[in-house]
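Colleague: I should like to learn how to read a protein–DNA model. May we begin with the surface near one strand?

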2 protein chains.
Amino acid sequence: MLTTEKIRRIRQLNRDYTRVLGVMNKQIFGTTLSWPEGRIMIEIGLNHLTAPMQVASRLGLDRSYTSRTINRLVKRGLIEKLPSPTDSRSVQLRLTPEGRRVFAQINTRSDDQLVDLIRDLSTAEQEELYASFATIDKLLFKREGK
Amino acid sequence: MLTTEKIRRIRQLNRDYTRVLGVMNKQIFGTTLSWPEGRIMIEIGLNHLTAPMQVASRLGLDRSYTSRTINRLVKRGLIEKLPSPTDSRSVQLRLTPEGRRVFAQINTRSDDQLVDLIRDLSTAEQEELYASFATIDKLLFKREGK
DNA sequence: ATTTTTAGTGGACAAAAGCCACTATCTGCG
DNA sequence: CGCAGATAGTGGCTTTTGTCCACTAAAAAT
């Protein structure tokens, strides 16, 4: 078991890192999307979630709220809803061409921001940082390193 | 410069880790405090921020909103406002005895949650995880390792 | 076949957060 | 010094975000 001191240090890092992510997230969606709208676009575009329920439970959002937010995105022409072939209560979500354009923009900007965050580090330090992230990813989320 | 692939992996981790932190944050303040109230308590109790403005800018919150939230905590008897000796526009924030009690409770719970998160890992893995967090802390926030 | 669960939705509402304007102080500067 | 501009805290108002509940229709379970 980790010492209390180490636990506290991780928690401090959590708070600090949450703060920088918060700042980044505010700027990202200076595009046209609000932060929850952007999150939903990412879940559909990147993680290929197709049902509103999947999106809601992944993001920890209320079904109702998720439904409304998705419908807003449909109205803006970024997402389309197709009838689900397997469950006629449900729908299949998909990015429209315009939605894919916006999604690509979000990705590009987000990448840029992250690059910006580590700009001051040397190449060796950047790789060291990446290795640490990859280790955390491996240990907490069981994704294999590379 | 890190490859796009590595950047993308860090971003994926960011989203996943944000999600687990989000879940944790919801449960923490099942105590009596809302999440922003808790954050403010932590900033005052742990990082010893004394002025409302410091709290606001650190948490990236609106001055007005911060002011109201602090006043709510004052009314609940968790924080007290003393006149600042150096600036009579400002105030000095301090936890009351009751506030310190609640603060200690938040800390204990938060520690427990983090311990819980890494419960499944072996001792060696936990230390490996800590080392990774410490490296990130060092590289991004210049805090020295230990 | 009937009960129970689940997906999506709308209405009403609560909580979180931001914007603007105002007061009182403080700071910098001619 | 005296005054222009900045800053700290606050209240009113609005927007955004998110929750709760009830309802419909379809699916799954019994």
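Colleague: Which element gives the largest share of the surface near DNA strand C?

Modeller: One assigns each nearby residue to its helix or strand. In this predicted model, α4(A) gives the largest share of the surface near DNA strand C, namely five residues. In total, 24 residues surround DNA strand C, and Pro52(A), Lys81(A), Arg89(A), Arg68(B) and Ser88(B) are the closest.

Colleague: How is the surface near DNA strand C divided into nonpolar, polar and charged residues?

Modeller: The surface near DNA strand C comprises 10 charged, seven polar and seven nonpolar residues.

Colleague: Of the atoms of DNA strand C within 4 Å of the protein, what percentage belongs to sugar or phosphate?

Modeller: Here one separates the backbone of the strand from its bases. For DNA strand C, sugar or phosphate accounts for 60% of the atoms within 4 Å of the protein, and bases supply the rest.

Colleague: Which part of DNA strand C lies 2.4 Å from a polar side-chain atom of Lys81(A)?

Modeller: That partner is a phosphate oxygen of DNA strand C. Ser67(A) likewise places a polar side-chain atom 2.9 Å from a phosphate oxygen of DNA strand C. From the other chain, the side chain of Ser64(B) has an N or O atom 3.3 Å from a base nitrogen of DNA strand C. As for the elements, those giving two or more residues to the surface near DNA strand C are α3 (52-59) and α4 (63-75) in chain A, and α2 (35-45) and α4 (63-75) in chain B.

Colleague: Let us turn to the other strand. How many residues surround DNA strand D?

Modeller: DNA strand D is surrounded by 21 residues, the closest being Ser88(A), Pro52(B), Lys81(B), Arg89(B) and Ser90(B). By class, nine residues of the surface near DNA strand D are charged, seven are polar and five are nonpolar. Sugar or phosphate makes up 61% of the atoms of DNA strand D within 4 Å of the protein, with bases making up the rest.

Colleague: Which atom of DNA strand D is 2.3 Å from an N or O atom in the side chain of Arg89(B)?

Modeller: It is a base oxygen of DNA strand D. The side chain of Ser64(A) has an N or O atom 3.3 Å from a base nitrogen of DNA strand D. The corresponding distance for the side chain of Ser67(B) is 2.9 Å, to a phosphate oxygen of DNA strand D. The elements giving two or more residues to this surface are α2 (35-45) and α4 of chain A, with α3 (52-59) and α4 of chain B. Of the elements, α4(B) gives the most, with five residues.

Colleague: How does one read the contact between the two protein chains?

Modeller: One considers its extent, then its polar pairs. Chain A and chain B each bring 56 residues to the contact. About 5,800 Å² is buried between them, 60% of it from carbon and sulfur atoms. Arg9(B), Leu13(B) and Tyr130(B) supply 12% of the area that chain B buries against chain A, more than any other three residues.

Colleague: How many salt bridges are there between chain B and chain A?

Modeller: There are 12 salt bridges between chain B and chain A. One of the salt bridges joins the side chains of Arg11(A) and Asp111(B), at 2.8 Å from N to O. On the side of chain B that touches chain A, two or more residues come from each of α1 (4-28), α5 (97-117) and α6 (123-141). There, α1(B) gives the most, with 19 residues.

Definitions and conventions. Residues numbered from 1 in each chain as written. Chains lettered and ligands numbered in written order. Predicted model: local features only at pLDDT ≥ 70, side-chain atom pairs only at ≥ 80, totals over all residues. Heavy atoms only, no water. Near = heavy atom within 4 Å. Polar contact = N/O pair within 3.5 Å; in protein donor to acceptor, adjacent residues only side chain to side chain. Helix = DSSP H or I, 4+ residues; strand = E, 2+ residues; numbered from the N terminus. Nonpolar A, V, L, I, M, F, W, Y, C, P; charged D, E, K, R; others polar. Contact = heavy atoms within 4.5 Å. Buried area = accessible area lost by both parts, 1.4 Å probe. Salt bridge = Lys/Arg side-chain N within 4 Å of Asp/Glu carboxyl O.
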